[in-house]
Amino acid sequence: MLVSLSMFITLSITSFLLFLFRPDIPPLPHGPWTNALAIETGIQALQAAPPENRARIAKNISNADITFVIGQPFLCREFPPNPITNSMKRILVLRLNLYERDIETKNCAPDTRGNPFTYISLPRDNISVRVYDHPPLHFHHIMRLTMPLTISLLSLLAIILPLTFWSIWHISRPLRNIAASADAFGYDISPAPIPIQGPTEVRRLTHAFNRMQARIAASVDERTRMLMAIGHDLRTPLTRLFMRLELGGEEASPEAMHHDLTLMKKMLNGALYFLKEQTEAERAENADLSSLLESLCLEYSAVGQNVTYTGPSHLTCICQATALERAVSNLIENGLKYGTHVDVHLHEEKNHAVIDVKDNGPGIPDTLQPSALLPFYRLDPARASDGGLGLGLSIADAIIARHHGHLSLSNIQPRGFQARIVLPLRLDSL
């Protein structure tokens, strides 16, 4: 757009200059024979002027190509006459109504300027004229010939160069900010977001870089919380094991020690599964959500759990079936821990599949719902004794986010809790 605008302005200026400087009658080409009109006009003007004013008029009408002199003949080292000079003489004789004896023409050798010239003399009127056969290009000639092109080029450079430097600065400044932030990110794991500015592509790059920084910072924070949670939770069973070994007797029975070791193994397995879920992903495929959810609910019902499914009998979606089943399973297990009945409802809404997992438990306070999705966060610290690390909801949220979906939590009045999953039915890639 900048280049097109510059070209349009330049062409407009060029057209205006061509119109302004174009003569109404095309000028005659250079040469003594074609300057006959100017010579004729100058001679007539001198003949008509009073004798005392002729020298001043001759000086005023002279230029670099044609010089008029009164009473001062030019030094001429005569060359043999040529047809061009003879043609000039015949034209002047005819135009000025003279006899051939009244006008004298000579073809002269190059003067001190290095240019040959034609000498014309009217002895009766004491008028001499010097006409260069090949007049040099003077400044006004050069300007007349090259002004449109010169002005066009200068206008184009004057418009494009500032716009080019501004565009480079406008693009490079955000890129320099991104480069500086990327270099500083190695030392500061929680930097401030980069201001989003510049062209559309650079703004998208900045936005993606800010999201990458946020994801990396969140991942590091998750790893830190995981280590802290594992260290804190493993300390309890390890302390019990030491106490059992020191006290001996029934406290050091194989069953009691096996219970503590099983609890530690469960904690470590949960942390390892969370890490594995973050780094590995299965291939997306076209799956029937209705069959997947209905089969999952039947598995829980087969072992005596009150889990029901409601929804259409057929609804396909491109997803990672095993991971999505894991996410819904985590939500169902959370519902069964705090309630006695879980209902899984599926429906389609605006090219999205909506999965509601509802239970009849006490729910989660509204102020704690955002924290419930964080890894290693437990609403009830006393649950550490069962080997839980607070990863169920965070794993489900990570899986749903990988599907470009959204997981939201809300309470049901007067009693109950709902986890809603919204998934796009079609995805280009996962």
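A disulfide is a pair of cysteine sulfur atoms within 2.5 Å. The model on screen is predicted, and this tour begins with its cysteines.

**First stop: the disulfide.** Select Cys76 and Cys108. Their sulfur atoms lie 1.7 Å apart, and the two residues form a disulfide. A search of the whole structure finds 1 disulfide. Next, display the S-S bond of Cys76 and Cys108: the torsion about this bond is about -105°, so the disulfide is left-handed.

Now colour the structure by secondary structure. Cys76 is found in the loop between strand E1 (66-70) and strand E2 (78-79), whereas Cys108 belongs to strand E3 (residues 104-108); the pair therefore ties together parts that are 32 residues apart in sequence.

Is each partner buried or exposed? Cys76 is partly exposed, with a relative accessible area of 24%. Cys108, in contrast, is buried, at 1%.

**Second stop: other cysteines.** Select Cys297, which counts as buried at 3% relative accessibility. Then move to Cys319, which is in no disulfide. Which cysteine sulfur is nearest to that of Cys319? The sulfur of Cys317 is the nearest, at 4.7 Å; because a disulfide requires sulfur atoms within 2.5 Å, this separation does not qualify. Cys319 is also buried, with a relative accessible area of 0%.

**Third stop: Ser329.** Select helix H9 (residues 321-338) and locate Ser329 within it. Ser329 is buried, its relative accessible area being 13%. Finally, display Leu296 and Tyr300: Ser329 touches both residues, when residues up to four places away in sequence are not counted.

Terms used
Residues numbered from 1 in each chain as written. Predicted model: local features only at pLDDT ≥ 70, side-chain atom pairs only at ≥ 80, totals over all residues. Heavy atoms only, no water. Helix = DSSP H or I, 4+ residues; strand = E, 2+ residues; numbered from the N terminus. Buried < 20%, exposed > 50% of the residue type's maximum accessible area, 1.4 Å probe, protein only. Contact = heavy atoms within 4.5 Å.
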